[in-house]
Amino acid sequence: QVQLVESGGGLVQAGGSLRLSCAASGRTISNYYMAWFRQAPGKEREFVATINWSGDTTNYADSVKGRFTLSRDNAKNTLYLQMNNLKPEDTAIYYCAASSRLFGRFKIDAATWGQGTQVTVSS
């Protein structure tokens with residue numbers, strides 16, 4: 001089973017940027033659709049972005065479209081989320097997730113999750 005470890009979170013002022021990383025081990029991420037989700041205090045988990053196994057197709061939540069960029073480096077077995085023009089409402093724990101490409105899509109019920117990294121945006 002693939003193991004995922006997120007990093008890169010921290011405290012940033014509104015309008016600033018952060019780059020999150022998700023390092024995978026145990027399996028090559030070439031076999032997976034990858035995604036980022038987030039969860040703010042007192043709220044349910046929210047979809048952020050997903051990318052197909054080869055990295056040529058991405059999908060973003062409307063709330064982050066135009067500000068966040070999802071990419072993957074299969075050679076480094078790492079997923080990235082570049083976050084620009086951050087807003088206070090982006091404050092959340094961000095989770096990396098992987099879903100087997102054999103499903104033909106990101107299948108949330110069968111996904112593997114990392115432990116999360118905290119992002120805090122101040123105004």
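The chain contains 11 strands and zero helices. This picture comes from a predicted model, and a walk along the chain is an easy way into it. Read from the N terminus, the order of elements is β-β-β-β-β-β-β-β-β-β-β. The radius of gyration is 13 Å, close to the 14 Å that the globule rule gives for 123 residues, so the chain is as compact as a globular protein of that length. The C-alpha trace spans about 40 × 25 × 25 Å along its principal axes.

A few overall values help to set the scene. Buried residues make up 43% of the 123 in the chain. Among contacts with a separation of 6 or more, 58% are between residues 24 or more positions apart. The surface can be described in a similar way: about 6,300 Å² is exposed by the chain, and 46% of that area is supplied by carbon and sulfur atoms. As for charge, there are 13 positive and 9 negative side chains. The centres of these two sets lie 5 Å apart.

A good landmark to look for next is the disulfide. A disulfide is a covalent bond between the sulfur atoms of two cysteines. The count for this model comes to one disulfide. It is formed by C22 and C96, whose sulfur atoms are 2.0 Å apart. C22 belongs to strand β3 (residues 18-25) and C96 to strand β9 (residues 92-100), so the bond ties together parts that are 74 residues apart in sequence. The torsion about the S-S bond of C22 and C96 is about -75°, and the disulfide is therefore left-handed. Are these two cysteines buried or exposed? C22 has a relative accessible area of 1% and is buried, because buried means under 20%. C96 is buried too, with a relative accessible area of 0%.

Another residue worth finding is F37, which sits in strand β4 (residues 32-39). Its relative accessibility is 5%, and F37 counts as buried. Which residues surround F37, once its neighbours within four places in sequence are left aside? The contacts of F37 are with R45, E46, F47, V48, I93, Y94, Y95, A97, F106, I108 and W113. One of these partners, F47, is 10 residues from F37 along the chain, and the C-alpha atoms of the two are separated by 4.6 Å. Three others, I93, Y94 and Y95, are also in contact with F37 and fall within the residue range of strand β9, 92-100. C96, the cysteine bonded to C22, belongs to that strand as well.

The backbone holds two further points of interest, both at asparagines. Most residues other than glycine have a negative phi. At N77, however, phi is near 55°, a positive value in a residue other than glycine. N77 is found in the loop between β7 (68-73) and β8 (78-83). With 15% relative accessibility, N77 counts as buried. N85 likewise has a positive phi, of about 50°, although it is not a glycine. The loop between β8 and β9 is where N85 is placed. How accessible is N85, buried or partly exposed? With a relative accessible area of 43%, N85 is partly exposed, whereas N77 is buried.

How values were computed
Residues numbered from 1 in each chain as written. Predicted model: local features only at pLDDT ≥ 70, side-chain atom pairs only at ≥ 80, totals over all residues. Heavy atoms only, no water. Helix = DSSP H or I, 4+ residues; strand = E, 2+ residues; numbered from the N terminus. Rg over C-alpha atoms; globule rule 2.2 N^0.38 Å. Buried < 20%, exposed > 50% of the residue type's maximum accessible area, 1.4 Å probe, protein only. Contact = heavy atoms within 4.5 Å. Areas by Shrake-Rupley, 256 points an atom, 1.4 Å probe, with all protein chains shown as cover. Lys, Arg positive; Asp, Glu negative; His and termini not counted. Charge placed at Lys NZ, Arg CZ, Asp CG, Glu CD. Disulfide = S-S within 2.5 Å.
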